[in-house]
Structures are given as structure tokens and as C-alpha cells.
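Visitor: Hello! I would like a close look at one part of this model, and then a walk outward from there.

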Amino acid sequence: MEYDERLARFRQGKGPRNHELPCLVETCQEPSVLSAEVKPELFHSEAKTQSTDRAMDLGLAEDHFSRPVGSFVASDIEQLKQAIEECKRLILELPEHSERQKDTVAKLIHLRLKLQELKDPEEDEPNLRVLLEHRFSKEKSKSVKQTCDKCSAIIWGLIQTWYTCTGCYYRCHSKCMNLITKPCVRSKVSHQSEYELNICPEIGLDKQDYRCAECRTPISLRGVPSEARQCDYTGQYYCSSCHWNDSAVIPARVIHNWEFEPHKVCRSSMRYLTLMISRPVLKLREINPLLFNFVEELVEIRKLRQDILLMKPYFITCKEAMEARLLLQLQDRQHFVENDDMYSLQDLIDISSGRLSCSLTEIHTTFAKHIKLDCERCQAKGFVCELCKEGDVLFPFDSHTSVCHDCSAVFHRDCYYDNSTTCPRCARMTERKHDAPNDSPEPGS
């Protein structure tokens, strides 16, 4: 009998013939024979070559992935399932941390990959799909370090088709796309560009009817049937599929407590905070004006921003500055050349770490150097203190100057405070208005 001949070759320590390899997988259908006859030989302590060992375990060798000619996919799947079960049994019976156990684990992984490939064959999927305001783009990367946001399973890029939303970076298998219920977070950012400014506004698990705030899966604090995980940003509770214990800086804690320690948030909050982090939507002087009394770095940054706004008129009227594109040095923080009171969460994080102070001081120095030293046209737009008529040319962003709020004239700070009741330029402008001829007709003329 052909089967007995192959078993006899196993007892003699000989590998199977090449034409027998596809048939050896079928032996997994007879676990009783394997356990009675093959298993003692598998655990034989005699030293054998690595190639012989690999050929003996379940009869799987380099060509065990090849599909027998004329067979159906269904039969291949059944054979692979039986081989996987036999591999799992052998792993438990083999000595722990042994080389044979490690080889069997490797074979188990390969078999499962092949089974997944047969279950989910790569088809001609479209490159772009639109679903719930997501714009999914087909990925070409073969990385296996991604995780599906829908089923929480690993994405095997080598054998599976997967997509990423270009808006919120939601990743999922192609087969999971029809199961998605979460709309794109970017649409929320576009329509609701504001943060939750209350610290962890918890409403209680009972108010959620003991269900996940997002997918409505039953949850409880005891983990039965599913663990309830709280999002520190929304204050609500989520299941383990919607809350992966990601950490993020919470805007409300930063604004009220100047606290930058990351806290655990759900997946949707994580994406929302990631997309919002660079948006200047925080008006600190309205939300928490006392923050400037306790954080010196904020006062310094506000002064630098005010100076840059005073420098901006010089640059937009200077040909050399426009050609040099000096203002583009702040292209990542466009709001710095538009106002001095709006901040993004990234601004506050960089202020706390000291990075923003260093970079903004360097940009401020470059701008001041162009106006005061490098460009003659900008130098000609300076002021001479009309109160003392001494000293160098003054500019409104100099630290020792003061600016008249009515006519924007620049003076030495000490001179302006000593003569704050009178501004020579304002006085001249008022006198000219009185001396100007009255063009209105006389009464009765």
C-alpha cells in the first residue's frame, strides 16, 4: 500500500519523494494514524538534517503552497485547515523553545497566510472608493504593521487588499469596507472646528444605557461582555474595538491647567485631535485670560507675534522682501501674520517645550535685520522721535519705543510717557484741519 510505504520511509529517516508532497498534506485527514505511527518518529531524538526535519513535519516542504492540478479551491481550503489543526496539536506536544517547535510555528504561520489568501483572493479592486464621506485610496504598500480600524486585525499587505481614507487616515481591509459605520472625521473638522473645552465631561455609563457611545455594543466596567474604556476627551465610554487606549494631549487640560500629559482617548477622538492640532481655533484671552499671568512663555510669544504684525506692512510694500519671500518662513503658522490672539494646540505644545520660542525669535531677528540693516527702502520708513529729536531711527517694533494709537507715530518710550498728553504729529494734523479753507457755502449765498 502506497501509504504504508511512505510511513516506512519516515521510520528510516528518509524524506518523501517530490511527487509525494501534495499527497502528504492529505495525511492530516487521518489523525489517528498520525498519532499512532508518525508521532513517535517525529519525536525521535536522533540528529537529522534541517531539510529532512522540515520535510517530515506533516509532509510540508517548499512546494506545499502549490495547488494540485485539477483540484478545487474548496478542497485546498479543507486540506489547509486540517494541516493547521495538526500543526497546532504538534506545537503543544513538542518541547517548549525547541528548534522543532519553532519550525512548526513557522509552518503554522505560512499555512494560515495561504489559507487567508485562498479565502480572500486579490481581485481587481478600484483605486478610489467613497463611503460615508470617506475617500478611500487603495494602498500599494506591503507593510504588515498596519491594523484594520474596523475588525482590529492585522492587515497582511502581501496578500490582502486594503484602503486608507485620504481625509482621516482610517485604514481597513477591502472586505471590511461594507461594514463601516463611522463617517469621516475630516467632515466634522470642516463643519465643527472647535474643541470640547470641559475637562472629561463624563455623563456616566448608565446614561449611555451601558453601551458603547459609538457602535452601541454592550459594555460594562467589569468587562462583561466587553470592557468599558473611557475617553478623556469626550468623557464617554467605548468598547475595545472603538477605544484602543491611544493617548493624546487634551486641549481642555492645556488651557485650564497648562497640563500636557497625554491621556487615553478613543479612536475617533484620536483622529479628530490629530486633524485639529494645527488649526488656530483657541482664543486664549477669551477662554482663560489668567493664563498669561502664570505662563511667562505666553507673554513672550505674544510680544513676538505683535512685532511681526508691525513688520508685515514693511514686507508687503518692499520689492526685495517679496522676492526673498521672507513671510514664507511662517507658512506653517499662517495665523501668526494675521493676528496675535489665536493659537493652535500645536502652538501651545511647542511653547511648553520651548521650540516655538527659539524658532520665532530667530525669525523675528531675520525680519528686523532686513528692515533696519539690509534694505534701504525699509530704513527710509523709520521714525525720528519728535519729542527729543535725538537718537537713531526708530521702528514700531523696537523694544524701547511707544506708538501713538491715533497717528501711529513712533517715539522713545520714556519721552512718550513724559509727554503723553501731547503728540506733535497729532497736534500738527489737528492744526491743519482748522487752518484748511471751509469750502461749504455761506448761509444765504
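Which residues does L108 touch, not counting residues up to four places away in sequence?

Guide: Happy to take you there. Please keep in mind that this is a predicted model. With residues up to four places away in sequence left out, L108 touches I84, C87, K88 and I91. L108 itself belongs to helix α6, which covers residues 99-119. Its relative accessible area is 9%, so L108 is buried. Take I84 from that contact list: it lies 24 residues from L108 along the chain, while the C-alpha atoms of the two are separated by 6.0 Å.

From the helix, let us move on to a sheet. Four strands form an open sheet in the order β1-β2-β5-β6, and their pairing is antiparallel. At the edges are β1 (128-131) and β6 (171-173), each of which pairs on one side only. On average, neighbouring strands of this sheet are turned by 30° against each other, direction ignored.

Starting from the β1 edge, four bridges join β1 to β2 (residues 134-138), and the two run antiparallel. Within this pairing, S137 in β2 stands opposite L128. The hairpin of β1 and β2 has two residues between the strands, and L132 takes a positive phi near 50° there. Towards the other edge, β5 (residues 162-165) pairs with β6 over three bridges, again in the antiparallel sense. For a specific residue pair to display, choose Y163, whose bridge partner in β6 is C172.

Next come the aromatic rings. A pair of such rings is described by how far apart the centres are and by the angle of the planes. Searching the whole structure gives seven aromatic pairs. One of them is W258 with F260, an edge-to-face pair with 4.9 Å centre to centre and 85° between the planes. The two residues fall on either side of the 20% limit for burial: W258 is partly exposed at a relative accessible area of 22%, whereas F260 counts as buried at 18%. F395 and F397 have ring centres 5.6 Å apart and planes at 20°, so this pair is stacked. Both F395 and F397 are buried, and together with Y314 they form one aromatic cluster.

Rings also meet charges here. The charged end of R267 sits over the ring of W244, at 4.1 Å from its centre. R302 has its charged end over the ring of F292, 4.5 Å from the centre of that ring.

Let us finish with the cysteines. A disulfide is a covalent bond between two cysteine sulfur atoms. With a cut-off of 2.5 Å between the sulfur atoms, the count comes to zero disulfides. C423 is in no disulfide, and its nearest cysteine sulfur, that of C426, is 3.7 Å away. C423 is also buried, with a relative accessible area of 11%. As for C426, its closest cysteine sulfur is in C407, at 3.5 Å, which is too far for a bond.

Technical notes. Residues numbered from 1 in each chain as written. Predicted model: local features only at pLDDT ≥ 70, side-chain atom pairs only at ≥ 80, totals over all residues. Heavy atoms only, no water. Pairing = 2+ DSSP bridges. Axes fitted to C-alpha atoms, helices over the stretch in contact; angles between N-to-C directions. Phe/Tyr/Trp six-rings, centres within 6.5 Å; stacked < 30°, edge-to-face > 60°. Buried < 20%, exposed > 50% of the residue type's maximum accessible area, 1.4 Å probe, protein only. Lys NZ or Arg CZ within 6 Å of the ring centre and 35° of its normal. Contact = heavy atoms within 4.5 Å.
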